[in-house]
Amino acid sequence: MAAMTTVPSYTPSLWVRLCHALPRLDLTMQMKDNIFVPDSWEYQQTLLVLSSLSAIALVISLLVVLSFLIHYCCCHRGDRSEGSEEEEEDEDASTGHGYSGKKGRGICCVTWVAVASVTLCCVAIGIGFYGNSEANDGMYQLTSSLLTANYTLASIDLLISDTIAGLQLSISGPLASMEELFTGSKPFLVSTRNCRRLSENVVNLLSSISLARASVDAGLGNDSGISGASIIPLTPVPPSVAPTVVPTGGIMPNPFSPGWAANTLMVNEDYRWLSYVLLLLLDLIVCLFILLGLAKQARWLLILMTVLAWLALFLSWGSLGLETATVVALSDFCSDPNTFVLNSTNFNTGTSTDVLDYYLTCSRRMNSPFQQLLTQSQRALSNIHTHLSNLDRNALTQFPKAEKSLREVQQILNSTEGNFHQLVALLNCRGLNKDYIDSLKGLCYDGMEGLLYLSLYSFLSALAFTAILCSLPGAWRSFPRTPNVSSNGNPGYESLPLTDRQSPPPSYSPSMLTGYGGSQSHPNPAHSRNLYSR
């Protein structure tokens with residue numbers, strides 16, 4: 001017993017349900033529904049309110065940094081006015097690095113806070129790289145599924161146009177010749193006219209099945225260009241060169257084209273991915289050079305990195321606002337995507353709701369909306385084949401000149417039946433529904449997860465840069481002042497007060513050492529060496 005194939009299904013993830021349950025407020029602070037209606041101004045207001053939360057957080061960060069700077073400036077000015085006694089006590093207790101005593105311990109604490117903030121920023125950068133990769137994988141799966149669906153739809157349209165072109169060729173060519181040859185025989189003439197009538201019926205039925213009327217209309221409107229090459233069974237083209245509807249003026253095509261959507265999303269995703277990579281590299285460079293500036297105690301490097309840290313702080317809070325709005329809108333769409341697709345006018349134009357519902361759900365309880373048309377076409381092709389078989393057995397003996405035209409019609413019928421079987425397989429909902437489910441999984445699973453990680457990265461990096469900007473001014477106080485250096489490379493004492501100058505070490509000449517050694521009753525060579533080494 002053959003195993004039954006299961007139809008793939010989509011279920012909203014936990015993150016989608018949690019984000020979809022968030023309350024929505026408009027600009028008047030009134031509760032709104034969380035139904036995904038991107039064209040509605042009320043829905044756009046709710047997204048603006050959510051994204052404005054990051055602007056409020058940015059203002060709070062600026063106030064925190066400003067308060068720390070004011071506190072640092074006031075405390076530093078107060079330390080200068082306290083006098084030199086407390087500073088001398090701290091310097092006497094210090095070991096030379098400025099980390100001992102009450103003042104030194106505070107500086108050490110501030111320095112380690114800066115180092116911890118930079119470490120948190122590096123962790124956020126790692127999360128950001130992972131989230132950017134996950135979002136890119138989700139978009140890649142979405143665009144791949146859309147291209148595959150576009151390839152299927154294009155193959156359906158090409159099969160239909162190829163079948164219609166072949167049948168029209170048989171109607172205008174060999175069947176017309178056979179009617180002229182069978183003018184004197186009424187039974188053969190009736191069979192030939194029945195074949196022509198059935199062929200026209202199949203053309204009309206297949207024309208109503210087409211999912212993209214533009215390609216079929218183009219094929220029907222160019223009868224003069226039909227040649228024998230068009231009756232060859234269709235060889236599907238790769239998805240990369242499958243026909244896509246290119247809109248004019250940059251608007252969405254009508255009817256909707258998955259190929260156009262895939263190409264648009266790929267271009268936008270390339271820019272998004274590159275923007276996040278540059279932002280992550282900027283944060284990484286700032287963090288690494290801040291650590292280098294703290295290690296080398298380079299004030300100029302820290303000043304430059306402080307300016308870049310301000311830029312990174314604004315970018316982090318700004319990206320968090322965009323990510324918040326995108327996550328909420330995506331969760332609203334992913335919670336019930338079928339409703340949005342069915343209610344979208346761009347999809348309903350040119351395609352009936354029954355057809356969309358059939359391919360979106362692909363339920364076993366639903367019959368194909370093309371089932372009746374395919375059944376009628378199959379019966380018509382079978383009747384044509386029966387009439388041609390009768391003519392082949394009975395008419396060729398009396399009208400041998402009709403053999404060539406009859407063989408051409410039979411060849412066209414064989415090609416038509418081959419294309420018809422491929423068409424029946426492609427019109428089944430399993431293929432397109434699988435592409436639809438794969439696109440939803442790529443967008444709502446990997447894409448949503450990537451956006452959540454990017455939101456976490458933006459939040460952590462914003463907190464880290466806020467702490468860095470608060471702690472860097474205090475860390476500068478741990479840097480020692482550079483003494484003046486003379487032209488020969490030795491420390492200069494001209495700029496120091498007399499009380500701070502140190503006397504040079506005593507020097508001894510060889511004659512002094514000899515005289516000093518001769519005055520000893522018992523010279524000690526080890527003692528002389530010690531004196532000489534001073």
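In the predicted model, Leu53, Ile56, Ile60, Val64 and Phe68 together make a nonpolar surface patch of about 450 Å². Of these residues, valine 64 is placed in helix H2, which spans residues 41-80, and, with a relative accessibility of 32%, valine 64 counts as partly exposed, since the class of buried residues is reserved for values under 20% and that of exposed residues for values over 50%.

Aromatic contacts were examined next. A pair of aromatic rings is described by the distance of the centres and the angle of the planes. The count comes to 11 aromatic pairs, among them the edge-to-face pair of phenylalanine 182 and phenylalanine 399, for which the centres are 5.1 Å apart and the planes stand at 70 degrees. Because phenylalanine 182 lies in the loop between helix H5 (174-181) and helix H6 (186-209), and phenylalanine 399 in the loop between helix H13 (371-394) and helix H14 (403-426), the pair ties together parts that are 217 residues apart in sequence. Phenylalanine 182 is buried, at 1% relative accessibility, whereas phenylalanine 399 is partly exposed, with a relative accessible area of 21%. Ring pairs also link Phe36, Tyr43, Phe333 and Phe340 into a cluster.

With regard to internal space, a search of the whole structure finds two cavities of 30 Å³ or more, and the largest cavity holds about 50 Å³. The lining of this largest cavity is formed by Leu167, Ser170, Leu175, Cys195, Ser199, Ile384, Val409, Ile412 and Leu413. Helix H4 (101-172), H6 and H14 each contribute at least two residues to that lining, with H14 giving the most, namely three residues.

Notes. Residues numbered from 1 in each chain as written. Predicted model: local features only at pLDDT ≥ 70, side-chain atom pairs only at ≥ 80, totals over all residues. Heavy atoms only, no water. Phe/Tyr/Trp six-rings, centres within 6.5 Å; stacked < 30°, edge-to-face > 60°. Helix = DSSP H or I, 4+ residues; strand = E, 2+ residues; numbered from the N terminus. Buried < 20%, exposed > 50% of the residue type's maximum accessible area, 1.4 Å probe, protein only. Patch = residues over 30% accessible without salt bridge, like charges linked within 9 Å, V, L, I, M, F, W, Y side chains within 5 Å. Areas by Shrake-Rupley, 256 points an atom, 1.4 Å probe, with all protein chains shown as cover. Salt bridge = Lys/Arg side-chain N within 4 Å of Asp/Glu carboxyl O. 1 Å grid on protein atoms, 1.4 Å probe; cavity = no way out; pocket = protein on both sides within 12 Å on 5 of 7 lines; lining within 4 Å. Points joined across faces, edges and corners; volume = space filled by probe spheres on them.
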